[in-house]
Amino acid sequence: MSVKLDGSGEETVLVTNDKVDVDGRIRIGRKNRVVGASYAIEKREAVYFDEELEKLAAGLSKALGGNTAINFSDSSQDESKLLIWAGSDIDPGQYFLFDRNSKQLRPLLGVRPKVENQNLATVKPVTFPAADGTEIPGYLTLPKGVEPKNLPAIVIPHGGPEARDEWGFDWLAQFFVSQGYAVLQPNFCGSAGYGDDWFLENGYKSWKIAIGDVSDGGRWLINQGIAKPEALSIVGWSYGGYAALQAAVTYPDLFKAVIAIAPVTDLALKKNNNNSEYSSVVEDNRVGNGPHIKEGSPAQNAAKITAPVMLFHGDLDQNVFINQSKLMQNKLNDAGKSVTFIEYEGLAHGLQNSAARIDMLTKSAAFLPK
């Protein structure tokens, strides 16, 4: 939306979409000039206010393969030179320097050079029905070179929950697909980007709907013949880890293994962990009060879980404190359940360490059923 500064206050809507939120501003240069906006239905789409940049983005996408996303990351002061990122579901991304005067595009560096030559799997936008008939959008990634029938499969709910998955390269999903798993990433009700009616009260207060959608994604994989019922697992990070554990509580016969990375496991503990933080009021409102505090906490319902659980957490995590995983481990042990807990020293929420991520992926692949 633009607003005239002549005193009239006249407003003009620049970009709108009746399916999803327009949730991204496109800026370039040292002055952060706003040149467009973006939204994601199946794939992220840009609407440019600058006609030259619009034509350039379309031309570069076509020149680089036709299915490539283009982002203008930065520019020189006069915008004659542009720093461009280009990538896709099968390309983790490359940075280029484009000279607008000479029309030359020069490659600079890859985001993940060691992955560039891998035979990555394509990501397909899909929808599946929830129990109430709502069509849930998501992304399905299948192993290459095999028939998509009776495969080991994984549902990976995203974090947040004030987030959503998008089409593009995802290192976690691509790893599991490389190991022979089909992967579904659902944008369950409670995800951001689809409007207030979809967001509900977020994935904590409205956990029953969110977790129901996630679990319906697993049932859809089975009903489609894609997933082998005895080898259907669920893996999640942060809120996704919460969703994985709570799905195992709520539907104990569906998922045969659970991996939760840096998960929220107890909603009351989550609020208490933030009591001394500046965000305590925000977190109290976000999580809320009422019966869902206990009913929606995996650690308080650990006895209902039947599948083996693997937990990963960094001891310096300030987003989700490690006491969440330690509590879950203790509650599962007390209930006589199968649980493995791996703690990484000196690491925060994203586990930004190659050795730790390799260890996590190796242990995960050995743990999940095939």
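Buried, in these legends, means under 20% relative accessible area, exposed means over 50%, and partly exposed is whatever falls in between. One more thing before the close-ups: what you are looking at is a predicted model.

**View 1. The whole chain comes first.** The protein chain has 11 helices and 17 strands. Its radius of gyration is 22 Å, close to the 21 Å that the globule rule gives for 370 residues, so the chain is as compact as a globular protein of that length. Along the principal axes, the C-alpha trace spans about 70 × 55 × 45 Å. Of the 370 residues, 51% count as buried. The accessible surface comes to about 17,600 Å², and 49% of that belongs to carbon and sulfur atoms. If you take the contacts between residues at least 6 apart in sequence, 61% of them join residues at least 24 apart.

**View 2. Here R33 meets two acidic partners, D50 and E79.** Start with E79, which sits in the loop between strand 6 (69-75) and strand 7 (81-88). E79 has a relative accessible area of 15%, which is under the 20% cut-off, so it counts as buried. Its phi is near 60 degrees, a positive value in a residue other than glycine. The side chains of R33 and E79 meet in a salt bridge, at 2.7 Å from N to O. R33 lies in strand 4 and E79 in that loop between strands 6 and 7, so the pair ties together parts that are 46 residues apart in sequence. Now look at the other partner: D50 and R33 also form a salt bridge, at 3.1 Å from N to O. D50 is in the loop between strand 5 (44-48) and helix 1 (51-63), 17 residues from R33. D50 is buried at 15%, while R33 is partly exposed at 32%.

**View 3. Just before strand 4, N32 has a phi worth a look.** N32 is found in the loop between strand 3 (24-28) and strand 4 (33-40). Its phi is positive, about 55 degrees, although N32 is not a glycine. Why does that stand out? Because most residues other than glycine have a negative phi. N32 is partly exposed, with a relative accessible area of 42%.

**View 4. Two hairpins, each built from an antiparallel pair of strands.** In one of them, strand 8 (residues 91-99) pairs with strand 9 (residues 104-110) over six bridges. Y95 stands opposite L109 across this pair. Four residues lie between the strands, and K103 takes a positive phi near 65 degrees. In the other hairpin, strand 10 (residues 123-129) and strand 11 (residues 135-141) pair over seven bridges. There F128 stands opposite I136. This turn has five residues between the strands, with G133 at a positive phi near 95 degrees.

**View 5. The loop ahead of helix 2 holds a cis peptide bond and one end of a salt bridge.** The cis bond joins G160 and P161, and omega is about 5 degrees. P161 lies in the loop between strand 12 (151-155) and helix 2. For contrast, most peptide bonds are trans. E162 forms a salt bridge with R286, the closest N and O atoms being 2.7 Å apart. E162 is in the loop between strand 12 and helix 2, R286 is in helix 8 (residues 280-287), and 124 residues separate the two. E162 is partly exposed at 37%, whereas R286 is buried at 18%. Elsewhere, salt bridges that share partners join D23, R44 and E166 into one network. The structure holds 10 salt bridges.

**View 6. Now for two buried polar residues, Q174 and K228.** Q174 lies in helix 2 (residues 171-178) and has a relative accessible area of 7%. Leaving out residues up to four places away in sequence, Q174 touches D89, L120, A121, V123, T141 and F169. K228 lies in strand 14 (residues 227-237) and is buried at 16%. With that same kind of neighbour left out, K228 touches N150, L151, P152 and K370.

**View 7. A nonpolar patch sits on the surface.** M1, V3 and V13 make this patch, which is about 300 Å². M1 is in the segment before strand 1 (2-3) and counts as exposed at 60% relative accessibility.

Conventions:
Residues are numbered from 1 along each chain as its sequence is written. This is a predicted model: local features need pLDDT of at least 70, side-chain atom pairs count only at pLDDT 80 or more; totals for chains, interfaces and linings use all residues. Side-chain values use heavy atoms; hydrogens and water are left out. Patches are made of residues with over 30% relative accessible area and no salt bridge: like charges are joined within 9 Å, nonpolar side chains (Val, Leu, Ile, Met, Phe, Trp, Tyr) within 5 Å. Accessible areas come from the Shrake-Rupley method with a 1.4 Å probe; for residues, only the protein chains shown count as cover. A salt bridge is a side-chain nitrogen of Lys or Arg within 4 Å of a carboxyl oxygen of Asp or Glu. Buried means under 20% relative accessible area, exposed over 50%, partly exposed in between (1.4 Å probe, protein chains only). The radius of gyration is taken over C-alpha atoms; the globule rule is 2.2 Å times the number of residues to the power 0.38. Contact means heavy atoms within 4.5 Å. Two strands pair if DSSP finds at least two bridges between them.
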